[in-house]
Amino acid sequence: MFNLFKRKKEDHKGSQYTSLKIREIVRETPDTVTIYFEQPEPYLEYKAGQYLTVILDINGKEERRSYSLCTSPYVDPHPGITVKRVRGGLVSNYLNDQLRPGKTIEIMKPMGHFTTDYHSQNQRHFVMIAGGSGITPIMGITKSVLINEPQSKVTLIYCSRSENEIIFKKALEDLESKYEGRLMVIHNLSQPSDSWTGLKGRLDSQKIKDILSSISYPELKQVEYFLCGPEGIMETAESTLLGMGVDSKFIHKESFYSNLEAKEEELKAAGKLAPELTREVEVILEGETYHFEVPAGKTILEAGLDHDVDMPYSCQSGLCTACRGKLLSGKVDMIEDAGLSKSEIEEGYILCCSSKPASSDVKIIIE
Ligand SMILES: Cc1cc2nc3c(=O)[nH]c(=O)nc-3n(C[C@H](O)[C@H](O)[C@H](O)COP(=O)(O)OP(=O)(O)OC[C@H]3O[C@@H](n4cnc5c(N)ncnc54)[C@H](O)[C@@H]3O)c2cc1C
Ligand code: FES
């Protein structure tokens with residue numbers, strides 16, 4: 001079983017931690033807010049599409065969650081995150097209901113690889129496929145492309161449930177008119193009102209193919225795909241693109257949620273996991289070596305935190321890579337590796353939040 005890490009609130013002193021003061025909170029939809037922060041000194045460095053980790057003290061316990069920046073460092077003077085409520089979710093509802101301007105919150109600085117580098121001479125077509133809160137990083141990337149690459153164009157296919165759940169509706173309309181001919185936004189609603197005239201229903205493979213074949217920018221030779229949203233939309237979009245012959249190196253993905261327990265059950269049922277035993281591991285972190293036992297059923301990160309080893313983490317579900325380490329010896333069972341690229345896995349990188357030791361000689365370095 002995976003446990004959520006409900007640690008006692010501590011002060012984190014590493015260079016990856018800082019504090020941000022809330023400047024403004026904007027309600028985007030009934031269940032989504034954007035939280036803008038004052039720029040700290042020195043300025044918060046980030047790339048469009050990265051996420052930061054909020055560290056909150058809720059009921060005396062430390063809670064961490066990852067939230068993508070919705071802003072662009074090239075356009076927006078203040079960094080911001082956009083948070084959509086998850087039903088029954090602790091932190092997303094807290095952030096929607098409990099925060100006020102002026103409050104300071106602790107964060108881990110921006111991380112993540114759902115980004116691209118920009119060059120004014122580039123001529124690229126960006127195809128963005130987003131669902132729900134998945135628009136957040138895509139908004140930052142879209143603004144950055146439009147301002148930095150005058151010859152590039154963006155097509156955004158954005159799935160929401162209904163008209164009033166479209167996040168950034170007005171901001172997207174404004175961008176479309178400001179960058180006329182360079183940004184096309186296609187909304188798809190799963191439960192629209194009767195008056196909706198746009199695309200509706202599930203975003204299936206045929207719909208994606210129809211949209212993409214109707215758009216042709218022959219002058220733009222390079223096409224980059226950015227996918228972020230619920231698992232179903234991401235899987236449909238990725239398999240459709242691969243089926244169309246798109247090279248996977250041009251498909252960038254960011255997942256917000258993974259059900260680790262269900263994945264572990266699947267792997268267990270398929271006989272792919274080592275017997276669960278208590279095993280000792282060695283972790284090298286910031287030049288210090290720690291030895292600790294990982295009790296049967298716990299992840300390496302859970303056990304490390306239980307032993308007060310200040311291992312970095314954010315999403316706790318194998319997606320964000322904040323807990324990434326390199327396996328120097330031994331074997332682990334990694335339940336979720338979605339955050340890692342194929343080459344990282346081949347090089348021996350693991351995610352401590354979703355890995356359990358599968359041999360007695362596990363040694364990991366976290367850099
Ligand atoms: C890299 C990264 C970037 C992210 N960026 C954003 C962002 O920009 N905006 C945003 O709103 N969220 C984002 N998230 C998701 C966010 O980190 C939290 O997971 C989310 O807000 C839920 O936290 P919670 O405390 O409210 O729910 P929890 O209390 O952690 O969970 C409550 C219940 O809901 C389930 N659950 C949690 N999340 C989901 C989900 N997405 N879908 C279905 N069930 C779920 C849990 O398994 C649990 O049963 C991001 C996640 C990652 C990994
Ligand atoms: S904490 Fe996000 S991948 Fe492990």
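These legends walk through a few close-up views of a predicted model.

**View 1. Helices α4 and α5 packed together.**
Here we look at helix α4, residues 205–214, and helix α5, residues 231–243. Two packed helices are described by the angle between their axes and the distance between the axes. For this pair, the angle is about 55 degrees and the axes are 9 Å apart. That angle makes α4 oblique to α5. As for handedness, the crossing of α4 and α5 is right-handed.

**View 2. The residues where α4 meets α5.**
Zooming in on the same crossing, which residues of α4 and α5 make the contact? On the α4 side they are S205, I208, K209 and L212. On the α5 side you'll find T236, A237, T240 and L241. Sorted by character, the residues of this contact come out as 4 nonpolar, 3 polar and 1 charged.

**View 3. An open sheet of 5 strands.**
To trace the sheet, follow the order β15-β14-β20-β16-β18. The pairing in this sheet is mixed. At the edges stand β15 (288–294) and β18 (349–351). Each of these has a single partner strand, so one side of each is left without a neighbour in the sheet. Ignoring direction, neighbouring strands here are turned by 35 degrees against each other on average.

**View 4. Strand β16 beside edge strand β18.**
Now for one pairing within that sheet. Strand β16 covers residues 324–329 and runs antiparallel to β18. How many bridges join β16 to β18? There are 3 bridges between them. One residue to pick out is R324, whose bridge partner in β18 is L351.

Terms used:
Residues numbered from 1 in each chain as written. Chains lettered and ligands numbered in written order. Predicted model: local features only at pLDDT ≥ 70, side-chain atom pairs only at ≥ 80, totals over all residues. Heavy atoms only, no water. Axes fitted to C-alpha atoms, helices over the stretch in contact; angles between N-to-C directions. Helix = DSSP H or I, 4+ residues; strand = E, 2+ residues; numbered from the N terminus. Parallel < 35°, antiparallel > 145°, perpendicular 65-115°, else oblique. Left-handed = near helix turned anticlockwise from the far one by under 90°. Contact = heavy atoms within 4.5 Å. Nonpolar A, V, L, I, M, F, W, Y, C, P; charged D, E, K, R; others polar. Pairing = 2+ DSSP bridges.
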